[in-house]
Amino acid sequence: MDGNGWIDIGYSFVACPHRKVFEGRGLHHLPAANGAGLNRGHYAVLGLVGNAGLVQPPDDLLHAILDAVEHVRDRGRAGKEIKGHRDGYSTSCPGDALYAWVRRGAPRPGNDNGTPESPPPPGRLLRYPPVTRGDDVRTWQAKMRERGWEIDVDGAYGPASKDVCRRFQRQQGIEDDGIVGSVTWRLTWEAP
């Protein structure tokens with residue numbers, strides 16, 4: 001920062017999982033974190049998640065990001081658009097889970113947006129092979145059928161369930177590995 005003459009980190013604001021927002025470059029300064037095309041017309045809010053450890057953004061982190069967005073809209077003349085870092089630069093940032101939330105319109109957590117909250121994830125991965133069996137599989141299959149997917153609700157996660165899962169993941173813009181983990185589980189209920 002000092003050697004290059006930068007005014008601060010490349011982000012306008014930083015949001016942490018404790019619903020705290022820290023000022024980086026602040027209002028009315030160009031960020032340097034977005035990539036070509038987005039730096040000139042966007043603020044940059046960093047959500048502190050990674051590709052290991054904390055990868056699923058907790059509600060307080062999402063609230064903090066939205067608190068920063070409201071601040072830059074109220075005082076920084078920001079528009080309505082919310083994008084992820086990968087929209088301006090070839091990167092995996094901000095991670096699949098946070099980017100899926102951005103693609104859903106960045107809803108404020110707490111089910112105040114009319115979107116049904118997901119039940120807690122089952123605590124294991126639903127995957128094939130081998131066939132995963134259980135009531136958690138049946139619950140996921142029933143919700144997918146309710147969403148309009150052609151899927152048997154038989155409690156057995158086999159090749160047909162994996163295929164539906166992969167197509168759903170591609171639709172949501174997340175990695176299409178065919179495994180129902182916490183992100184896919186949550187999107188099953190909360191994605192439009």
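Colleague: What makes β2, β1 and β3 an open sheet with mixed pairing?

Modeller: In this predicted model, the 3 strands lie in the order β2-β1-β3, and their pairing is mixed. β2 (21–23) and β3 (45–47) are at the edges and have a single partner strand each, so one side of each has no neighbour in the sheet. As for twist, neighbouring strands are turned against each other by 20 degrees on average, with direction ignored.

Colleague: How do you know that β1 and β3 pair, and in which sense?

Modeller: Two strands count as paired if DSSP finds at least two bridges between them. Strand β1 (residues 13–15) and β3 have 3 bridges in the parallel sense, so the pairing criterion of at least two bridges is met. Leu 46 of β3 is the bridge partner of Val 14.

Colleague: What packs on this sheet, and which strands does it touch?

Modeller: Helix α1 (residues 59–75) does, touching β1, β2 and β3. Touching here rests on heavy atoms within 4.5 Å. The direction of α1 makes about 155 degrees with that of β1.

Colleague: Why is the space lined by Trp 101 and Arg 104, among others, called a cavity?

Modeller: A cavity is a set of points where a 1.4 Å probe fits but cannot get out, so the term refers to enclosed space. The search of the whole structure finds 1 cavity of 30 Å³ or more. About 70 Å³ of space lies in the largest cavity.

Colleague: Which elements supply at least two residues each to the lining of the largest cavity?

Modeller: α2 (96–103) and α5 (182–190). The lining includes Ala 97, Ala 100 and Trp 101, as well as Val 183, Arg 186 and Leu 187. Gln 56, Pro 57, Leu 62 and Arg 104 also line the cavity.

Colleague: How many of the lining residues are nonpolar, polar and charged?

Modeller: The lining divides into 7 nonpolar, 1 polar and 2 charged residues. Arg counts as charged, and Arg 104 and Arg 186 are both in the lining. Trp and Pro count as nonpolar, and Trp 101 and Pro 57 are among the lining residues.

Colleague: What does the chain look like as a whole, in elements and in burial?

Modeller: The chain has 5 helices and 5 strands, running β-β-β-α-α-β-α-β-α-α from the N terminus on. Its C-alpha trace spans about 60 × 35 × 25 Å along the principal axes. Of the 192 residues, 41% are buried, the cut-off being under 20% relative accessible area. Among contacts between residues at least 6 apart in sequence, 50% join residues at least 24 apart.

Note on methods:
Residues are numbered from 1 along each chain as its sequence is written. This is a predicted model: local features need pLDDT of at least 70, side-chain atom pairs count only at pLDDT 80 or more; totals for chains, interfaces and linings use all residues. Side-chain values use heavy atoms; hydrogens and water are left out. Helices (H or I, at least four residues) and strands (E, at least two) are DSSP runs, numbered from the N terminus. Axes are lines fitted to C-alpha atoms, for helices over the stretch in contact, and angles run from 0 to 180 degrees between N-to-C directions. On a 1 Å grid over the protein atoms alone, a cavity is a set of points where a 1.4 Å probe fits but cannot get out, and a pocket is an open set with protein on both sides within 12 Å along at least five of seven lines; lining residues have an atom within 4 Å of a point. Grid points are joined across faces, edges and corners, and a volume is the space filled by probe spheres set on the points. Buried means under 20% relative accessible area, exposed over 50%, partly exposed in between (1.4 Å probe, protein chains only).
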